[in-house]
Amino acid sequence: DWTPGAFVDMTVADLKEKIGDDKVVLGLSGGVDSSVAAILLHKAIGKNLHCIFVNNGLLRKDEYDQVLHQYKDLGLNVKGVDATARFMDALAGIEDPELKRKAIGRVFIEVFDDEATSIENVTYLAQGTIYPDVIESISVNGPSATIKSHHNVGGLPDFMKLKIVEPLRMLFKDEVRRVGKEMDMDPNILGRHPFPGPGLAIRILGAIDQGKVRLLQEADAIFIANLKKWELYDKVWQAGAILLPVNSVGVMGDERTYEKCVALRAVESTDGMTADWVDLPYKFLQDTSNEIINKVKGVNRVVYDISSKPPATIEWE
Ligand code: XMP
């Protein structure tokens, strides 16, 4: 029978033997998979694991700083790279969702490649690939997905020539969480909702700029904080706010307003392939809507997405 304890012991021993005194580079995304992979490798090879955490400027509010600190507290040898400006430049004026993904994937690879190749004598690239990624060759979790889907664009970056190590490739998501728990990892890391590699870029419909990112970060942070406050966060598979490319009329005092609309999305799912919208309490929606409209400047309307997948997708882009 599979047990997380036996898995940890066996995997750490295997990694030690396989890697020896070599160096490994790993891209952290803040998600469950890359975090658990990092802790396993850290147990096996300690400071010879070099982690890179890239800020693409499209993460949730404060997430870059919080997650980076969390990783440091775990004792990981992690370098944070704030590449917000590079990503924003590359995204300027792009409206098409697939072109956004391509631009983000390309810049991520450039940034990661610069960092990875600046570490001397690296021989391995570690990834948090899990079994469903292996089967479907898709991932819902950041860097590994980005690397996989873009590695054949414009020749192989240097880091792609490294040997690959994927300690989680035989595990399902729930097993990854159990392995993390076995290693006493923070429940806040293990319970984190899936978040797409392109981040808020595919939740801002149309062209992106830093002002829109900031606005959406504020609305999203209120939504997520309220889900936690109402103890709904762990009952939802994935949730987030979407910034719509429309203005609508509202009133504030005696003034007519003409401002942005934010959609809220919360779904139940097991693998992201199909999903149902979550029947959140009306009082929760009411409070959250009021709070967003009162606190987030530039928003005068909030709607709740009641579409299932299929035919709608989870993300709006
Ligand atoms: P959709 O919108 O296709 O999303 O129903 C299914 C799951 O995949 C995530 N997603 C992505 N993850 N890069 C990623 O790493 C992407 O480009 C991407 N697009 C969607 C989405 O968040 C959901 O969990």
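## A walk around helix H5 and its neighbours

The buried residues of helix H5 are Lys100, Arg101, Ala103, Ile104, Gly105, Val107, Phe108, Ile109, Val111, Phe112 and Ala116. Here a residue is buried if 20 or more other C-beta atoms lie within 10 Å of its own, exposed if 12 or fewer, and partly exposed in between, with C-beta atoms placed from the backbone. What you have open is a predicted model, in which local features need pLDDT of at least 70 and side-chain atom pairs count only at pLDDT 80 or more, while totals for chains, interfaces and linings use all residues. To find your way, note that residues are numbered from 1 along each chain as its sequence is written.

**Stop 1: helix H5**

Select residues 97–118 to see the whole of H5, which has 22 residues. Helices (H or I, at least four residues) and strands (E, at least two) are DSSP runs, numbered from the N terminus. From its first C-alpha to its last, H5 reaches 32 Å, close to the 32 Å expected at 1.5 Å a residue. The expected span is 1.5 Å times one less than the number of residues in the helix.

**Stop 2: lysine 100**

Now pick lysine 100, which lies in H5. Is this lysine 100 buried or exposed? Lysine 100 is buried, with 22 other C-beta atoms within 10 Å. Show its contacts next: setting aside neighbours within four places in sequence, lysine 100 is in contact with Leu91, Ile94, Pro198, Ala201 and Ile202. Two residues are in contact if their C-beta atoms, placed from the backbone, lie within 7 Å. Try a C-alpha to C-alpha distance to alanine 201, too: the two are 101 residues apart in sequence and 7.2 Å apart in space.

**Stop 3: H4 against H5**

Add helix H4, residues 84–91. H4 and H5 pack at an angle of about 145°, with their axes 9 Å apart. Axes are lines fitted to C-alpha atoms, for helices over the stretch in contact, and angles run from 0 to 180 degrees between N-to-C directions. H4 passes H5 in a right-handed crossing; a crossing is left-handed if the near helix is turned anticlockwise from the far one by less than a right angle, and right-handed if clockwise. To light up the contact, select Arg86, Phe87, Ala90 and Leu91 of H4 together with Lys100, Ala103, Ile104, Val107 and Val111 of H5. These residues divide into seven nonpolar, no polar and two charged. Ala, Val, Leu, Ile, Met, Phe, Trp, Tyr, Cys and Pro count as nonpolar, Asp, Glu, Lys and Arg as charged, and the others, Gly among them, as polar.

**Stop 4: isoleucine 94**

In the loop between H4 and H5, click on isoleucine 94. Isoleucine 94 is partly exposed, with 18 other C-beta atoms within 10 Å. Apart from residues up to four places away in sequence, isoleucine 94 touches Leu99, Lys100, Ala103 and Ala207. For a longer look across the model, jump to isoleucine 130: the two C-alpha atoms, 36 residues apart along the chain, are separated by 32 Å.

**Stop 5: asparagine 121**

Go to the loop between H5 and strand S4 (122–126), where asparagine 121 is found. Asparagine 121 has a positive phi of about 55° although it is not a glycine. This asparagine 121 is exposed, with 8 other C-beta atoms within 10 Å.

**Stop 6: helix H1 and its partners**

Select H1 (residues 4–19) and H2 (residues 32–45), which pack at an angle of about 60° with their axes 8 Å apart. That makes H1 oblique to H2: angles under 35 degrees count as roughly parallel, over 145 as roughly antiparallel, 65 to 115 as roughly perpendicular and the rest as oblique. The crossing of H1 and H2 is right-handed. Next, bring in H8 (173–182). H1 and H8 pack at about 80°, with axes 9 Å apart, which makes H1 roughly perpendicular to H8. Pro4, Gly5, Phe7 and Val8 of H1 make this contact with Arg178, Val179, Lys181 and Glu182 of H8.

**Stop 7: two cis bonds**

Finish in the segment after strand S9 (299–304), home of proline 310. The peptide bond from lysine 309 to proline 310 is cis, with omega near -15°. Another cis peptide bond joins proline 310 and proline 311, with omega about 5°.
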